[in-house]
Structures are given as C-alpha cells and as structure tokens.
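Here are my notes for you on this model, set out as numbered points. Please keep the structure open beside the text and look up each part as it is mentioned.

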Amino acid sequence: MKIPYYPGCTLHERALDFDMASRECANALGVELEELPVWTCCGAVFPLTTDSVMDILAGVRNLAYASRMGDKVVTLCSFCYNVLKRSNKVIREDEEKREKANLFLKADTDERAEMESYLEQDYVGQVEVLHYIEMLRDVVGFDKVAKSLKTSLKGLRVAPYYGCMLLRPKKEMEFDDPERPTIFEDFLETLGCDVVDFPMKAECCGGFQIVRDEETAIACSQTVLSSAIKRDADLIITTCPLCLYNLDRKQKEMAKRVKGFTKIPVIYFTQLLGIALGIDEEHLDFSDNYVDPRPVLAGKKLV
Amino acid sequence: MEHRIGVFVCHCGTNIAGVVDVKRVAEELAKYPGVAYSTDYLYMCSDPGQNLVKDAIKEHGLTGVVVSACSPTLHEATFRRAGAAADLNQYRVEMANIREHCSWVHRGDKEMATEKAIKIIKTMIEKVKQNEALEPISVPMTHRAMVVGAGIAGIQAALDIANAGHDVVLVEKEPSVGGHMAQLSETFPTLDCSQCILTPKMVEVSQHPRIKLLTYCEIDDVSGYVGNFKVRIKKKAAYVNRDVCNGCGLCIEKCPAKTASEFDEGLSERKAIYTPFAQAVPNQPVLDRDHCIYFESGKCGVCQKVCPVDAIDYEQKDEFLDEEVGAIIVATGFDLYPIVNIGEYGGGDIKDVVTSLQFERLLSASGPTGGVVRRPSDGEIPKEVVFLTCVGSRDPEGHMPYCSKVCCMYLTKHAMLYKHNEHDGQAYVFYMDVRTPGKDYEEFYQRAAEEDDVLYIRGKVSKLFEEDGKVMVWGVDTLTGQKVEIAADMVVLGLAMVPSATATELAKMLKIQMNQWGFYSEAHPKLRPVESLAPGFYLAGAAQGPKDIPEVVAQASAAASKVCALFAEKEYHREPIVAWIDEDECAGCRICISVCPYDAIEFDDEKEVARVQEAICEGCGARIAACPSATAQQRNLTDDQLYMMVSAALED
C-alpha cells in the first residue's frame with residue numbers, strides 16, 4: 001500500500017532520524033510512504049489574519065500536489081500537520097478563499113512549470129490530511145500493528161507528550177480531546193508499554209519562545225519533564241521536532257540551573273515503534289538525542 | 001347583504017399619528033364602498049375608545065368593524081369583546097395593523113405611510129365583508145390533570161391542582177418522589193434544611209385523596225388533544241408487589257449485592273433492592289435487576305426468603321396503565337452537565353474533584369459522611385476547598401452558552417456551610433461574575449465574603465490535576481492579572497444545568513417545543529411563561545430553564561392555576577378559525593392528511609372524503625395550501641376573501 005507523504009522541511013534537515021525511523025516502520029507494516037515529488041515549506045505557522053489568502057497558499061499548494069497522487073497525505077511534524085489540516089479546512093469551507101487560492105495556483109510558473117498539470121482540476125479540499133498516528137490507527141489498524149510486533153516493551157514506562165499543535169484549536173483539528181487526549185495512550189498500549197499518564201501531556205513546551213525568550217521556554221519544558229519524571233517515566237515520546245528540541249536538548253540548561261535534575265530521554269514515537277517492530281537500531285538513529293535513550297532501553301534489554 | 005362597515009383609526013398617542021395622517025385616513029375610508037362610519041381617536045383601546053366602537057355599532061347598525069391600530073396579538077381580544085358587548089358577532093371584528101406594519105417602520109415618510117395605512121385598512125374591510133358570524137368551538141373536557149415529574153415543581157403543581165378540587169395523576173420515573181431537592185443539604189439564602197421543607201410535601205402528595213401517585217412509572221404514549229388526552233403509562237417492573245409490601249426494609253438489610261447509590265451521587269453504596277433514601281415516598285423498595293445476583297446467576301433469592309409478606313415477585317413484568325386527562329404539566333427537571341466532558345478538570349477521574357450535587361450530599365446530615373465534609377479519596381477533612389462557577393456554563397466555544405443561574409448562589413452556600421463546619425479551613429470561589437438577582441441573595445453573598453471569609457477570586461481555572469495527594473488548581477486572578485496556583489484538598493465544580501436526559505424523548509412524544517439546548521419552550525417568553533405553544537401542555541421547573549427553588553415553586557403554582565383556569569369551564573372553548581372541507585368537492589386524495597402537523601384530519605372510508613376534527617385543528621393553513629382542488633378552506637380566510645384582500649391592496 002502506497003500513501004502520499006509530506007515530510008516537511010524539518011524532517012529533511014534536523015529531524016532526519018524521525019524521517020528514517022518513520023519510513024522504516026511504515027515499510028515493516030506494509031506501507032510505502034511515497035514522498036511528494038515536489039513540495040515546499042508548509043508555511044510553518046497557520047496565519048492568524050483572516051482577510052488574506054496569501055498566508056495559506058503554501059499549505060494549499062502542497063495539498064494540491066498531493067491531490068495528484070491520491071486522496072490522502074500523511075505527515076509527521078505537528079506544525080506541518082496543523083498548518084495543512086487547517087489550510088485544508090479553509091479551502092473546504094470558504095468559497096471565496098477557495099476560488100482565490102485556485103487562481104493563484106493556476107498562475108504558478110517558473111521552476112514548477114513541469115507541474116502545470118497538477119491543476120487539471122481545482123483544489124477543493126479533496127485530500128484528507130492524516131497524521132502518521134492516525135494512519136496507524138485508521139489505515140493500518142492498531143490490531144495489525146500489534147500483530148507485527150517483534151519485541152515486547154512490557155515494563156517500559158513511557159509518557160506520551162502531545163504538545164499543542166496536534167490538538168488545538170479543537171474544532172479545526174478534530175484530532176482528539178485537547179484537554180484529555182488518548183490516541184498515544186492507545187498506541188502505547190498496543191505496543192505493550194506501561195503508559196504513564198501525566199497531567200502535563202498537553203501543556204506547551206515553550207515552542208518558538210525558545211528563540212526569543214529562552215527562560216520562559218525552558219520553564220515550560222521543565223514543567224512538562226518534571227511531571228513525567230515524578231511519575232517514574234523511563235522515557236517520553238513525542239511527534240514534534242520542536243517539542244523534542246525543547247524537551248531534549250534543553251535538558252543541558254536545566255541540569256545547570258536545577259540542582260539534582262534527573263535527565264529523561266525524549267524520543268520520537270516512531271523510534272519506539274521501530275524498537276517494538278524489531279527494526280535495526282542504526283535505522284532508528286539515536287545519535288542525535290542529547291539525552292541518550294540507549295542506556296534506558298538497554299536496561300530493559302531493548303537495544 | 002348590505003355591508004355597513006365601521007372603521008376606527010387609532011392614533012396610539014403619537015405612535016401612529018406621529019407618522020400616519022390619521023384624519024386623512026379616516027376621511028378617505030369613509031368614502032370606501034361598504035363603509036358606513038369612519039372615525040379616529042387618540043387611544044382606541046381605552047374605555048372611551050371602546051365605547052366609541054360600541055356606540056357606533058348600535059347607532060349605525062354596523063355589520064362589521066375594522067379597528068385600525070396595533071397588532072391583533074395585542075388587542076384583537078379587547079375589540080372582539082367590545083363588539084360582542086354591542087351584539088355584533090365577535091368574528092366580524094378585525095384588526096388592521098397600521099402600527100407594527102406601518103407607522104413604526106416608515107418614520108420620516110408621512111405620505112407613503114398614510115397611503116400604506118389606507119391600503120392595509122382596505123384589505124381588512126374586504127375581509128370583514130365576507131367574515132361569517134362564528135361561535136367558538138366547544139369540546140368536552142376531562143377535568144383531571146397529569147403532572148409528569150415529581151420533584152419540587154411537580155409536587156407543588158399537583159398539590160395546587162388537587163387542593164383546587166381536581167383529580168391529579170402524578171407520574172415519577174424514580175422509585176421515590178422528591179427529585180433533586182431531596183438531595184440538597186441546606187437551601188439559600190435562609191439556610192433552612194431542604195429535607196425539612198420538602199418531606200412534608202412529599203408525604204402530602206402521597207396521601208392526598210385527589211392525587212394518584214405513580215412512582216417508578218414512565219410515559220409510554222400520549223394521544224388526543226387538550227381536554228381529552230389519553231396517556232399510556234409504563235409501570236416498570238419493581239419485582240416487589242406494591243400492594244402487599246409494608247416497607248419493613250428487611251429485604252434491603254439482607255440483600256448481599258451492592259452498587260453505587262444514585263441518590264448519594266456515587267459517594268456511597270446502596271443494595272440491589274433499595275429505596276433511594278430513608279425518607280423515600282413511597283417507602284417501598286424496588287429491585288434493580290441489573291445489579292441483582294438472582295437475575296445474574298439465578299442464585300441468591302435472599303430477599304424473597306426474608307420477606308414476611310411474600311411481596312417479592314421475580315416474575316413481575318412491566319405493566320401498562322391508561323389514564324384520561326384534560327391537561328398535562330411537564331416538570332421533568334434537570335441533570336448536571338456531564339463531568340466527563342470537562343477534560344481540563346479531569347473529566348471525573350480526579351477523586352477529590354466533586355460535582356455540586358456530590359458536595360450537597362457531603363454537607364447533608366443524611367449524606368454518606370453524616371454532614372461532615374470529608375474528601376472522597378481518603379476521608380480526610382479538607383482544609384483548602386476551591387469552588388468553581390460556570391463549569392460548562394457561559395462557554396459558547398466549548399460547552400453551554402447560557403448562564404445556569406443558580407451556581408453562584410449554591411456555591412456561595414457551599415463555601416459558607418463548609419466554613420461553618422471548618423472554621424480554620426479556607427474556601428475559595430473562582431467566578432466570572434457573581435450573579436445574585438434574587439430577594440436577599442446579594443446580602444447572602446456579602447455575608448459569605450465578609451463574615452465567613454470566603455475568598456472570591458475573579459477568574460477562570462484553566463486546569464486541575466493531581467499532585468502529591470492534592471488537587472492542583474491553575475487559575476488566574478483577572479483583577480490583578482496574576483496567575484493563581486492553589487494546592488487544594490478538594491475542588492467543587494458548579495456544573496451547568498442541562499435538561500433531564502429523558503426530556504427530549506418526552507417532548508417528541510408530547511409534540512411540545514424545545515429550544516436548541518433541550519429546555520421546553522414557553523408560548524411567550526414574557527406573557528405566557530408557563531404554557532407550551534401546544535394547547536393543553538404546561539411547563540414547570542428547571543425543565544423549562546435553569547432556576548432556583550422559589551422560582552420553580554412559583555412557576556409550578558402558576559402552571560397549576562392555568563390548569564385550574566382551563567378546568568373552570570365545563571367544556572373547552574377554542575377559536576373557530578379552523579379548516580373545513582366541502583365534502584361534495586373533496587376527491588379523497590389524502591394529501592392534506594400527510595401535511596397536517598397536528599393529525600387533525602381523519603378520513604371517512606365510507607364517503608371517501610377527508611374530514612377536519614375541529615377540536616384538534618390549529619388553523620395553521622398547511623392543508624389549505626396543499627389541497628389540489630381548493631376544496632379545503634379556512635373559516636374567515638377563504639380563497640375568495642384572500643382574493644378580495646389582495647385586489648384591494650393592489651388597487652391604485
């Protein structure tokens with residue numbers, strides 16, 4: 001089974017490990033992630049202005065590319081998922097913006113000239129934007145995932161961290177209850193882990209504040225981490241490269257600031273899935289993590 | 001017949017005369033064919049104004065009257081009475097609305113408004129010319145009422161009707177009467193004990209010679225119409241023979257199966273055979289088969305063995321009773337908004353976060369803790385208690401947009417009672433606005449804040465979570481702009497009031513209207529607050545909208561007095577402006593039967609024609625528009641009349 005795949009910029013640059021692990025897992029589950037032959041940045045942040053269509057064009061353009069390949073597109077990064085899903089909703093529901101966006105797309109020339117045919121028909125929101133975890137649940141099926149597992153993760157205490165972008169705003173994302181999400185818990189139970197439910201699982205990690213107000217961002221991340229650590233989590237999983245950056249990389253600063261700070265590994269959820277599917281460690285690539293998860297995993301005889 | 005129509009143009013002070021040239025209108029219409037008399041007056045609805053109409057009818061031998069004034073919903077009845085007093089059939093009196101339909105909407109264009117007023121009046125003159133002299137339709141009536149729901153609203157309504165001398169059937173789905181009020185501890189603003197004021201009324205309804213009390217029963221089907229309802233009631237199998245049971249309670253004592261008590265909101269356990277609470281009325285247990293060992297495994301049977309009067313009957317089936325009544329009061333009450341929907345407050349998973357009704361039980365002397373506030377997780381007495389208002393209310397984005405009206409007051413009462421119990425404890429109330437619009441309510445709130453040191457914090461709480469045996473409260477004080485974090489021992493949620501879970505189903509069965517949140521709709525928000533638009537149905541209590549006990553009782557008594565007013569006549573009289581069918585012309589196509597929303601048309605199989613049941617027809621006009629042969633007509637709104645009215649309006 002082939003599914004169109006939109007990696008987004010970060011998975012081609014800083015989060016190569018996430019991209020690789022996710023493709024490997026998909027393969028092991030009989031799904032080929034078919035990367036869009038041409039794609040651009042999604043826009044990274046969904047615009048708050050509502051009087052212009054320009055700000056969502058990047059997202060819509062990528063969806064239009066995807067519409068040539070199928071009726072779904074899978075993505076992994078929380079920001080990409082948020083922008084694509086909300087842009088798609090605008091196109092589906094706002095007739096005026098739909099018309100305008102299509103006029104812009106028709107005017108696309110230059111290096112994308114070879115793609116002119118992508119607009120044989122208007123883009124009207126015909127593509128369904130799926131997060132990888134939704135693909136696992138709704139396309140592959142958690143039951144099939146369970147049957148494909150090679151390694152038991154029993155006894156591994158994992159805290160699922162959702163962050164903000166997957167869940168909010170509720171009515172636009174329609175992903176899960178933003179106050180009490182459960183999809184990653186269901187996923188972790190499928191893998192046989194001990195799920196650590198912690199109250200900060202959907203609190204903000206600090207996000208882009210890390211660029212201009214590091215103190216605030218680190219304080220946010222630390223609140224999240226402490227809550228999971230306090231509940232004896234062995235590691236935390238996430239699906240957002242920015243969350244991972246704040247939660248993992250910034251533990252260096254936290255350790256300097258807080259006496260007796262206990263570090264905790266934070267990995268992508270597909271890296272954990274990879275372990276359970278018996279995928280070779282080198283294809284999961286833990287080398288980029290600041291807090292190395294391998295000692296914890298080795299302790300449970302998982303690597 | 002020679003037409004002698006009288007036209008009476010009202011100034012309505014300056015409401016009409018300020019815009020319309022009323023003198024000219026009266027003069028112009030005096031010349032209109034068929035008009036025998038035309039005049040204007042400052043206030044036609046006043047006593048001298050009405051006399052003007054009466055005198056003119058007699059003096060000029062008028063055959064019809066057009067009062068050109070305001071909307072018929074305001075004064076049609078007034079002038080019909082005036083006409084009747086002068087021996088003119090009341091259905092020959094019509095209103096021409098030149099206020100709402102003309103002067104109010106055409107300020108600044110006197111010429112055009114005057115022309116339009118003249119046209120409006122001409123159309124009504126044409127209508128009156130062909131109006132038949134009708135008499136109200138009289139329908140036989142059963143002078144017996146049904147009240148659905150036996151909370152405080154239903155109890156009050158039933159007692160008032162019964163005390164006025166009419167029989168009442170009071171139906172309650174739970175095993176006992178009393179409703180939510182029976183669960184409450186003390187009541188604001190007087191702090192009198194809820195049970196003390198309620199239980200005497202509960203006993204009274206059960207013993208009143210004119211009240212037939214049917215507990216553990218549900219409405220199964222309703223047919224008929226005002227004055228003549230037929231109601232089928234399902235008497236749910238209680239597996240206890242209620243004719244024999246003497247309420248000794250031995251079965252309850254010996255029953256080995258336990259489950260969560262609904263009455264204590266899950267804070268204690270009850271047996272599988274149970275009465276909801278010690279003061280239940282009737283004091284006869286019912287058997288809950290879902291939690292009964294006998295029904296699960298066929299073993300046990302202890303209750304049957306110990307019963308001294310052989311009242312336990314495992315073979316009992318649901319029974320159906322048929323009752324005939326003339327009016328129905330719906331008083332089905334409220335539920336709390338489901339806590340599971342409030343994810344940010346733990347969705348019900350945090351033990352020491354309780355609902356307002358749970359806290360009532362903790363405060364109640366008959367509650368699971370004997371009136372000592374103890375937190376559910378470990379039974380400790382909490383020292384820091386946080387009360388949250390507007391949980392699920394006033395939240396158009398996520399939950400209910402409306403104000404639940406009573407939460408500010410009961411949370412103030414909660415905080416106060418808690419402080420009376422625990423002098424060294426701290427009570428916090430997070431609020432959006434403290435709404436205290438009731439007699440002595442503001443003083444009650446002031447007392448809580450000033451004498452009982454309840455700390456009011458203006459702001460919402462964003463999150464509750466468990467940490468180290470405490471409930472962490474993340475909130476904001478919007479008056480200081482500060483984040484507030486409280487490590488509370490217990491949190492009480494003032495959850496929104498929503499209509500009872502069964503309300504929607506019942507409304508569909510009764511064909512009465514609801515608003516978008518499922519509260520029953522009144523016929524008019526100000527002037528007919530206790531009647532449904534559907535004739536014969538009356539509303540009482542929180543089923544119509546969130547309200548407190550005094551308001552519920554007042555509304556219940558109002559609904560009861562409406563029923564008594566209905567029953568004051570031997571027969572039910574209704575407007576004769578209904579559909580009729582010319583049986584000679586009717587082709588029997590039955591299209592009208594399919595469009596009638598009131599099931600008011602029956603089909604005569606012998607003659608193969610449709611026939612209107614005048615007692616049911618609401619005169620909505622749907623079937624008249626639908627009739628392909630124009631055989632169906634509305635009385636005093638015939639096609640001929642409409643044609644003449646339209647012609648008059650279009651005439652140059």
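1. A convenient place to begin is B:Lys234, whose bridge partner in strand β17 of chain B is B:Phe320. The two residues belong to a longer pairing, in which strand β12 (residues 228–235) of chain B and β17(B) run antiparallel and are joined by seven bridges. Strands here, like helices, are DSSP runs numbered from the N terminus, with at least two residues (E) for a strand and at least four (H or I) for a helix, and two strands pair if DSSP finds at least two bridges between them.

2. Before going further, please note that this is a predicted model, in which local features need pLDDT of at least 70 and side-chain atom pairs count only at pLDDT 80 or more, whereas totals for chains, interfaces and linings use all residues. Residues are numbered from 1 along each chain as its sequence is written, while chains are lettered from A and ligands numbered from 1 in the order in which they are written.

3. The pairing in point 1 is part of an open sheet of three strands in chain B, with the order β11-β12-β17 and antiparallel pairing. Its edge strands, each of which pairs on one side only, are β11 (217–225) and β17 (319–325) of chain B. From one strand to the next the twist averages 20 degrees, where axes are lines fitted to C-alpha atoms (for helices over the stretch in contact) and angles run from 0 to 180 degrees between N-to-C directions.

4. Another open sheet of chain B has three strands in the order β24-β25-β26, and its pairing is antiparallel. Here β24 (461–467) and β26 (482–488) of chain B are the edge strands, each pairing on one side only, and the twist averages 20 degrees from one strand to the next. Seven bridges hold the antiparallel pair formed by strand β25 (residues 470–477) of chain B and β26(B), and within β26(B) the residue opposite B:Met472 is B:Ala487.

5. Parallel pairing is found around strand β27 of chain B, which is joined to strand β20 (residues 353–355) of chain B by three bridges and to strand β21 (residues 384–391) of chain B by five bridges. In these pairs B:Thr355 is opposite B:Leu493, and B:Phe387 is opposite B:Val492.

6. How many residues of strand β27 (residues 490–495) of chain B are buried? Six of the six are, so the strand is largely enclosed by the rest of the structure; a residue is called buried if 20 or more other C-beta atoms lie within 10 Å of its own, exposed if 12 or fewer do, and partly exposed in between, with C-beta atoms placed from the backbone. On one side of β27(B) the buried residues are B:Met490, B:Val492 and B:Gly494, and on the other they are B:Val491, B:Leu493 and B:Leu495.

7. B:Val491 also appears among the residues with the most contacts inside the largest nonpolar core, which has 138 residues; such a core is a set of buried Ala, Val, Leu, Ile, Met, Phe, Trp, Tyr and Cys residues joined through C-beta atoms within 7 Å. A second, separate core of 95 residues includes A:Cys42, A:Val74, A:Val83 and A:Ile218. Leaving aside residues up to four places away in sequence, B:Val491 touches several residues, including B:Asp352, B:Val386 and B:Leu464, a contact being two C-beta atoms, placed from the backbone, that lie within 7 Å.

8. Turning to chain A, there are 14 helices and eight strands. The radius of gyration of chain A is 20 Å, close to the 19 Å that the globule rule gives for 303 residues, so chain A is as compact as a globular protein of that length; the radius is taken over C-alpha atoms, and the rule is 2.2 Å times the number of residues to the power 0.38. Of the 303 residues in chain A, 47% are buried.

9. Why is helix α3 (residues 57–67) of chain A described as largely enclosed by the rest of the structure? The description applies because ten of its eleven residues are buried, among them A:Leu57, A:Arg61 and A:Tyr65. The cover over the buried residues of α3(A) includes β1 (2–5), β3 (72–75), α4 (78–93) and α5 (95–106) of chain A.

10. A:Tyr245, in helix α11 (residues 241–249) of chain A, counts as buried because it has 22 C-beta neighbours inside 10 Å.
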